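Here is a short briefing to read alongside the sequence and the 3D view. It takes a few individual residues as starting points and then turns to the wider picture.

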Amino acid sequence: MVAETGTIKEQIEQTENFSRNENQILSFILGNEEYGVDILRVQEIKGWEKTTSIPNTPEYVMGVINLRGAVVPVVDLRVRFELSKVTYDESTVVIILRAHDSTGSEKIIGIVVDGVSDVHTMTGDIQAAPEVAGAIHTEYVNGLATVGERMVIVLHVDQLINSGIVHEIKKSLGLTD
């Protein structure tokens, strides 16, 4: 397990300070694994708050929140990736991510994670993910990054949100063919 560094407020400030560098990832914990996303896709980090449920959505869609007037869907990645369920507590956070679809439209979605770990500057290339069968489709994995002695699974935000989440939500609501 990776130790958390600082409070949520400190992590948000660190994210804002580093957000201009393309070679940085925000890492977070899901179960016993460390995942990461491109820091430029992170809009903000929020503490866990109750969501408003939406009927007929997939199990991993927790509901929606009001983010300064915008309705943002919130997804629990533990459920989406078929990991063990964990009780929400003070370390549980929602990472608000921005993605772009094939038309260039921006989508904003929140992902529930067990905790934010750190912001890492990548000194080397991200290694391609090996082709393995599992709950996390390799199309959602951008690659693996080595951070010290650890491996961080770097997620492909556009693929995860557009084809992995938004498409499934629309399908469950009967909004696609």
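Arg68 sits in the loop between β4 (61-67) and β5 (70-76). In this predicted model, Arg68 has a positive phi of about 50°, although it is not a glycine. That is worth a look, because most residues other than glycine have a negative phi.

**Two loop residues with positive phi**
- Is Arg68 buried or exposed? With a relative accessible area of 64%, Arg68 is exposed.
- Glu82 also catches the eye, since its phi is near 55°, a positive value in a residue other than glycine.
- You will find Glu82 in the loop between α2 (77-80) and β6.
- Glu82 counts as exposed, at 66% relative accessibility.

**The chain as a whole**
- There are 3 helices and 10 strands in the chain.
- Following the sequence, you meet them in the pattern α-β-β-β-β-β-α-β-β-β-β-β-α.
- Of the 177 residues in the chain, 44% are buried.
- The accessible surface comes to about 9600 Å², and carbon and sulfur atoms account for 48% of that surface.
- Take the contacts between residues at least 6 apart in sequence: 58% of these join residues at least 24 apart.

**The open sheet**
- Which strands make up the open sheet, and in what order? Its 5 strands are arranged as β3-β6-β7-β5-β4, and the pairing is mixed.
- β3 (42-47) and β4 stand at the edges with a single partner strand each, so one side of each has no neighbour in the sheet.
- From one strand to the next, the twist averages 30°.
- Within this sheet, β5 and β7 (residues 106-113) run parallel and are joined by 3 bridges.
- To see this pairing up close, look at Val74, which stands opposite Gly110 in β7.
- As background, strands of a sheet pair through backbone hydrogen bonds, either parallel or antiparallel.

**Nonpolar cores**
- In soluble globular proteins, nonpolar side chains tend to be buried together.
- The largest nonpolar core here has 31 residues. Those with the most contacts inside this core are Leu26, Phe28, Val37, Leu77, Ile95, Leu97 and Leu155.
- Which strand gives the most to this core? That is β6 (residues 93-100), with 4 residues.
- Another core, of 7 residues, lies apart from the largest one, and among its members are Ile65, Val72, Ile96 and Val112.
- Leu155 is a handy residue to click on: leaving out residues up to four places away in sequence, it touches Phe28, Tyr35, Gly36, Val37, Leu77, Phe81, Tyr140, Val141, Asn142 and Leu160.

**A buried histidine**
- His120 belongs to strand β8 (residues 115-121).
- Is His120 buried or exposed? At 9% relative accessibility, His120 counts as buried, because the cut-off for buried is under 20%.
- Its side chain is joined to that of Ser27 by a polar contact of 3.0 Å.
- Setting aside neighbours within four places in sequence, His120 is in contact with Asn23, Gln24, Ile25, Ser27, Glu34, Val147 and Arg150.

Key: Residues are numbered from 1 along each chain as its sequence is written. This is a predicted model: local features need pLDDT of at least 70, side-chain atom pairs count only at pLDDT 80 or more; totals for chains, interfaces and linings use all residues. Side-chain values use heavy atoms; hydrogens and water are left out. Helices (H or I, at least four residues) and strands (E, at least two) are DSSP runs, numbered from the N terminus. Buried means under 20% relative accessible area, exposed over 50%, partly exposed in between (1.4 Å probe, protein chains only). Contact means heavy atoms within 4.5 Å. Accessible areas come from the Shrake-Rupley method with a 1.4 Å probe; for residues, only the protein chains shown count as cover. A nonpolar core is a set of buried Ala, Val, Leu, Ile, Met, Phe, Trp, Tyr and Cys residues joined through side-chain atoms within 4.5 Å. A polar contact is a pair of N or O atoms within 3.5 Å; within protein, one must be able to donate a hydrogen and the other to accept it, and residues adjacent in sequence count only if both atoms are side-chain atoms. Two strands pair if DSSP finds at least two bridges between them. Axes are lines fitted to C-alpha atoms, for helices over the stretch in contact, and angles run from 0 to 180 degrees between N-to-C directions.
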